[in-house]
Amino acid sequence: MNDALVDNPTRVVLAERRTLFRIGMRKILDEAPGIVVTHQVDTFDGLFRHTRELPEVVVIGCLVDVPRASVAARRFLDGRPSANVLVVDDNTTLPDAPRVGVLPLSSSPDEFLSAIRMLAAGYAFYAGPAPRAAERDEPPVERITRRETDVLRLLVHGRTNSEMARNLSLTESTVKFHVQNLLRKLRLPNRASAVAYAYETGLINVGELSETVRRP
């Protein structure tokens, strides 16, 4: 095993009330090199109590006191806005935060581990099912400009406006304009929805992230 993984393991907190499901996730993580589960909780209160010192990734599912995973994730991020959160649930949407991932319950163990490692590396992503364009009533991706596409790709990587400005050699105000413009064109309410859109349309795929630019 790589010494760096031993010295600096990825710490994970599991928040899930369904015992068998939580045990399954724990087993997958225990068998993975370089990952350590520091706490398992089944309530939102327990989750908040055991994340005063943030781990690298917090996995949130169905909780006793907050049954809907998406609601629990949003509430958690209100109090821990810098956390890396993996929401494991079907039919959920991304909270409006830069470092959030979504996986459906049907995901494989390899997909689960990849999601943990991507979030620990600073990537946001959405791996849920993609609705058909006719159901979404959205304009095609070709309607956004090449520069707006560049901005969207950086949004997927969790970049801030200042980081995007440096990467694209633009002013921060210009980046903000591009973000607002692409959201307007795509009829999306926030950055998290733009990340979901990028995956649903095939503009970005999960495998691409390991081969492209990383966070500075």
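Colleague: Which residues does threonine 10 touch, leaving aside those up to four places away in sequence?
Modeller: Bear in mind that this is a predicted model. Threonine 10 lies in strand E1, and its relative accessible area is 16%. That is under 20%, so threonine 10 counts as buried. Beyond four places in sequence, its contacts are Gly34, Ile35, Val36, Glu56, Val57, Ile116 and Ala120.

Colleague: Sticking with E1, in which sense does it pair with E3, parallel or antiparallel?
Modeller: E1 covers residues 10–15, and E3 covers residues 57–60. There are 4 bridges between the two strands, and valine 13 stands opposite valine 58. The sense of the pairing is parallel.

Colleague: Are the residues of E3 buried or exposed on its two faces?
Modeller: In a regular strand, side chains alternate between the two faces of the sheet. Here Val57 and Val59 sit on one side, with Val58 and Ile60 on the other. Both faces are covered, and all four of these residues are buried.

Colleague: What is the handedness of the β-α-β unit made by E3, H4 and E4?
Modeller: Let's start with the strands: E3 and E4 (residues 85–88) pair in the parallel sense over 3 bridges. Within that pairing, isoleucine 60 stands opposite valine 87. Helix H4 (residues 69–79) joins E3 and E4 in the unit, which is right-handed.

Colleague: On to charges: which residue does arginine 18 form a salt bridge with?
Modeller: The structure holds 7 salt bridges, and this one has its closest N and O atoms 2.7 Å apart. Arginine 18 has a relative accessible area of 30%, so it is partly exposed. Its partner has 0% relative accessibility and therefore counts as buried. That partner is glutamate 16.

Colleague: How many residues apart in H2 are aspartate 30 and arginine 26?
Modeller: These two form a salt bridge, with the closest N and O atoms 2.9 Å apart. Aspartate 30 is partly exposed at 46% relative accessibility, and arginine 26 is partly exposed too, at 25%. Both are in helix H2 (residues 19–30), and about one helical turn separates them because they are apart by 4 residues.

Colleague: Lysine 27 and glutamate 31 also meet in a salt bridge; are they buried or exposed?
Modeller: Their side chains meet at 2.8 Å, N to O. Lysine 27 and glutamate 31 are both exposed.

Colleague: Which residues are linked with Arg11 in a network of salt bridges?
Modeller: One of them has come up already, as a contact of threonine 10: Glu56. The network links Arg11 with Glu53 and Glu56.

Colleague: Which element gives the most to the lining of the second largest pocket?
Modeller: That pocket has a volume of about 160 Å³. Its lining residues include Phe21, Gly24, Met25, Ile28, Leu103 and Phe112. H2 and helix H5 (109–120) each supply at least two residues. With 4 residues, the top contributor is H2.

Colleague: Last one: which residue just after H7 takes a positive phi?
Modeller: H7 spans residues 146–156, and its buried residues are Glu148, Thr149, Val151, Leu152, Leu154, Leu155 and Val156. Just after the helix, a phi of about 80° turns up at glycine 158.

Key:
Residues numbered from 1 in each chain as written. Predicted model: local features only at pLDDT ≥ 70, side-chain atom pairs only at ≥ 80, totals over all residues. Heavy atoms only, no water. Buried < 20%, exposed > 50% of the residue type's maximum accessible area, 1.4 Å probe, protein only. Pairing = 2+ DSSP bridges. Right-handed = clockwise from strand over helix to strand, strands pointing away. Contact = heavy atoms within 4.5 Å. Salt bridge = Lys/Arg side-chain N within 4 Å of Asp/Glu carboxyl O. 1 Å grid on protein atoms, 1.4 Å probe; cavity = no way out; pocket = protein on both sides within 12 Å on 5 of 7 lines; lining within 4 Å. Points joined across faces, edges and corners; volume = space filled by probe spheres on them.
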